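Open the model in your viewer and keep the selection box handy. We'll go from stop to stop, with something to pick at each one.

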Amino acid sequence: MPRNTLLIYLRSIALIAEKDMRIYYTKPPVLMFGFLFPLFMFLAFSLGRSADLHTLFPGLAAMFVFFVASSVGPLITPWEKRAGTYERLLSFPVTVNTLILGDVVAGMLYGIIINVIILAAGMAAFGYSVSFTEVLIIAISLVLGAFCFSALGVLLASPASTNPSNVMLLSNLVRFPLIFISGIFVPIASLQGVARVAVYCSPITYLVNSFDLGLLGSAAIPLLLGWAVLIGSSVVFVLLARTFLRRNLMKGL
Amino acid sequence: MEQERDEIIAINGLTKRFGAITAVDDISFSVPEGELFGFLGPNGAGKTTTIRMLTGILTPDAGEVSIGGIDMQKHPIAAKMQMGIIPETSNVYIELTAKQNVVLAGRFYGMHRKAVEERSDLLLQQFELSDRKDDRVEGFSKGMKQRVLIASALVHIPKVLFLDEPTSGLDVHSQRLIRAIIREMNDAGTTVFLTTHNIEEANTLCDRVGIINRGALTAIDTPERLKQAFKETQSVEVAFDTPTDIGEIERSGLVNRTEQAGDKWRFYTDDPDALAKCVFAFAERRKLSFTAFSIEGASLEDVFVTVTEGKAHAP
Ligand SMILES: Nc1ncnc2c1ncn2[C@@H]1O[C@H](COP(=O)(O)OP(=O)(O)OP(=O)(O)O)[C@@H](O)[C@H]1O
Ligand SMILES: [Mg+2]
């Protein structure tokens with residue numbers, strides 16, 4: 001029985017993720033805030049700065065991961081509530097946990113798929129020479145970062161709302177400030193005082209740092225510490241989302 | 001939880017409050033395997049809230065639910081694996097095709113690809129959707145969407161089927177189609193729990209009916225026995241060609257209650273036969289001509305009205 005339950009558990013996570021991928025990857029708000037927006041930011045920062053791009057790219061790539069991975073989560077639950085599919089989804093053999101993890105996996109895969117392309121293109125364009133270990137570091141960091149940011153996206157949608165545009169607005173209010181305190185545009189090592197503390201508070205910082213290490217060969221924060229922070233914040237985001245969703249199930253829907 | 005083997009739905013002390021409102025108030029009952037159970041109640045009585053707790057969508061404030069002997073709170077996934085659920089206000093994914101929706105549902109219950117594809121095709125054919133099965137649901141009518149929804153809930157041949165107002169707002173053809181399939185599933189062994197406003201539906205479809213009012217279960221029995229228990233809701237309805245004082249009939253001792261609608265009188269009685277004879281004698285004496293005369297048996301509707309309004313008027 002327990003093994004069987006675990007199987008059902010994993011299967012429903014996979015099915016929820018599959019459903020999300022089929023339905024939500026191509027929704028306009030996801031394409032807009034997940035893909036076009038960071039692309040414009042990327043272009044804005046790279047225009048006329050070809051000299052710096054070599055050092056800027058790891059940060060920009062991390063920003064891309066952040067935007068893409070966190071764009072799906074805020075949309076799904078409000079959209080399903082408004083479309084009237086949410087209650088039926090809950091009626092399947094799923095729990096709050098499988099719902100959250102399914103949505104997180106969908107966002108994570110979106111982040112990974114798009115950023116593998118971006119990273120590959122960047123590595124070719126800006127001529128990094130990376131060893132196998134460094135590729136491994138980048139790959140693991142990408143997965144951890146995408147999971148973490150996707151979890152943040154899911155968390156942003158979990159306090160009840162049935163209006164997707166409100167949630168998108170709220171999520172952007174959280175997402176935009178975060179990219180400015182993440183050492184994307186300024187090297188972490190050069191920051192002092194409050195700015196430095198702020199930078200340590202943003203989970204994006206730790207992905208920028210890991211990408212720096214993988215692509216440029218040096219980083220301000222130890223790699224394992226950075227990974228630990230990404231994993232730790234993922235756990236916090238998932239648990240918070242769970243608390244909110246559970247509370248909603250008590251209150252009504 | 002200790003229970004008899006054939007009770008597939010067991011509810012004990014189920015309670016749900018929303019702020020000051022007690023939507024479901026300490027309900028306990030059980031449904032034996034294979035029964036077609038109808039849950040009747042006026043708007044806001046707590047039907048949807050009850051069904052949501054039975055299906056693990058809403059967390060109860062108190063009480064236990066067990067489905068097929070499995071506690072819903074402790075093992076939600078195992079409990080839900082046995083059910084098919086059609087929520088009240090719910091939709092299928094309009095972005096997917098009819099078949100994709102049914103297949104997705106089946107896969108949630110662990111059906112294998114091939115089995116789920118075959119079963120989906122069969123169901124969509126039964127629901128007269130074969131020629132549209134590969135169209136996105138986006139363009140479907142309300143009744144077609146509801147049929148896709150029900151097909152999705154039946155795909156894994158559930159042991160227990162929960163339906164919250166499955167036929168409300170649909171045309172007669174869709175209603176009949178859906179009722180026929182509910183009955184067919186029930187004949188094949190699926191226990192059915194449905195809520196409805198439609199008393200005739202409950203009367204003709206259900207083995208047993210529970211009436212809920214203001215969150216409390218006020219009556220539960222077979223439709224026939226409920227009607228029996230409310231014998232006083234039998235009535236004699238008459239209309240005469242000229243206005244008359246009917247006080248004499250009312251004083252006959254046979255009439256429990258009188259209602260007037262237009263030129264018609266309705267006398268509620270425990271003994272329609274004796275009252276009919278009394279009315280004939282009365283008309284004879286006064287040289288009145290009947291323009292209408294009928295004897296009405298107790299109907300489930302009368303039971304429903306008596307039960308729910310009786311409660312409503314209590315302090
Ligand atoms: N999420 C909620 N928050 C607050 N009150 C609620 C909530 N859901 C239901 N209620 C209240 O609980 C009571 C029962 O509602 P419920 O939806 O169960 O009734 P119902 O019998 O299904 O009615 P209907 O026939 O209209 O569908 C109502 O008074 C309703 O206002
Ligand atoms: Mg209802």
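Ring pairs come up first: rings of Phe, Tyr and Trp (its six-membered ring) pair if their centres lie within 6.5 Å, and the planes make the pair stacked when under 30 degrees apart, edge-to-face when over 60 and tilted for the rest. Before you click, note that this is a predicted model, where local features need pLDDT of at least 70, side-chain atom pairs count only at pLDDT 80 or more, and totals for chains, interfaces and linings use all residues. Residues are numbered from 1 along each chain as its sequence is written, chains are lettered from A and ligands numbered from 1 in the order in which they are written, and side-chain values use heavy atoms, with hydrogens and water left out.

**Stop 1: rings in chain A**

Select A:Phe35, A:Phe42, A:Phe57, A:Phe64, A:Phe126 and A:Tyr128, a cluster linked by ring pairs. Over all chains, the count of aromatic pairs is 26. One to pull up next is A:Tyr24 with A:Trp79, an edge-to-face pair with 6.4 Å from centre to centre and 80° between the planes. A:Tyr24 belongs to helix 1 (residues 2-24) of chain A and A:Trp79 to helix 3 (residues 50-83) of chain A, so the pair ties together parts 55 residues apart in sequence. Helices (H or I, at least four residues) and strands (E, at least two) are DSSP runs, numbered from the N terminus.

Are these two rings buried or exposed? Buried means under 20% relative accessible area, exposed over 50%, and partly exposed in between (1.4 Å probe, protein chains only). A:Tyr24 is buried at 1%, and A:Trp79 is buried too, at 18%.

Now pick A:Phe37 and A:Phe67: the ring centres are 5.7 Å apart and the planes are at 50°, so this pair is tilted. A:Phe37 sits in helix 2 (residues 28-46) of chain A and A:Phe67 in helix 3 of chain A, 30 residues apart. A:Phe37 is partly exposed at 23%, while A:Phe67 is buried at 0%.

Go back to A:Trp79 and add A:Arg82, whose charged end sits over the ring, 5.2 Å from its centre. For a charge to sit over a ring, NZ of Lys or CZ of Arg must be within 6 Å of the ring centre and within 35 degrees of the ring normal. Chain B has a case as well: B:Arg257 over the face of B:Tyr268, at 4.1 Å from the ring centre.

**Stop 2: where the chains meet**

Show both chains. Here 31 residues of chain B are in contact (heavy atoms within 4.5 Å) with 32 residues of chain A. About 3,000 Å² is buried between them, with 62% of it from carbon and sulfur atoms; buried area is the accessible area (1.4 Å probe) that two parts lose on being put together, summed over both. Select B:Ile77, B:Tyr93 and B:Phe108, which supply 27% of the area that chain B buries against chain A, more than any other three residues.

How many salt bridges does the rule find across the interface of chain B and chain A? There are 3, each a side-chain nitrogen of Lys or Arg within 4 Å of a carboxyl oxygen of Asp or Glu. Try A:Lys27 and B:Glu95, whose side chains meet at 2.9 Å, N to O.

Zoom in on B:Phe18, found in strand 1 of chain B. The residue is partly exposed at 28%. Leaving out residues up to four places away in sequence, B:Phe18 touches A:Met250, A:Lys251, A:Gly252, B:Ala23, B:Thr49 and B:Leu58.

**Stop 3: charges in chain B**

Over all chains, the count of salt bridges is 23. Start with B:Arg136 and B:Glu138, closest N and O atoms 2.4 Å apart. B:Arg136 is partly exposed at 44%, and B:Glu138 is partly exposed at 44%.

Next, B:Arg266 with B:Glu237, at 3.5 Å. B:Arg266 lies in strand 13 (residues 264-269) of chain B and B:Glu237 in strand 11 (residues 235-240) of chain B, so the pair ties together parts 29 residues apart in sequence. B:Glu237 is buried at 16%.

Then select B:Glu248 and B:Arg285, which meet at 2.2 Å, N to O. The pair links helix 9 (residues 247-250) of chain B to helix 10 (residues 272-286) of chain B, 37 residues apart. B:Glu248 is partly exposed at 29%, whereas B:Arg285 is exposed at 52%. Last pick: B:Lys99, B:Glu117, B:Asp121 and B:Lys133, joined into one network by salt bridges that share partners.
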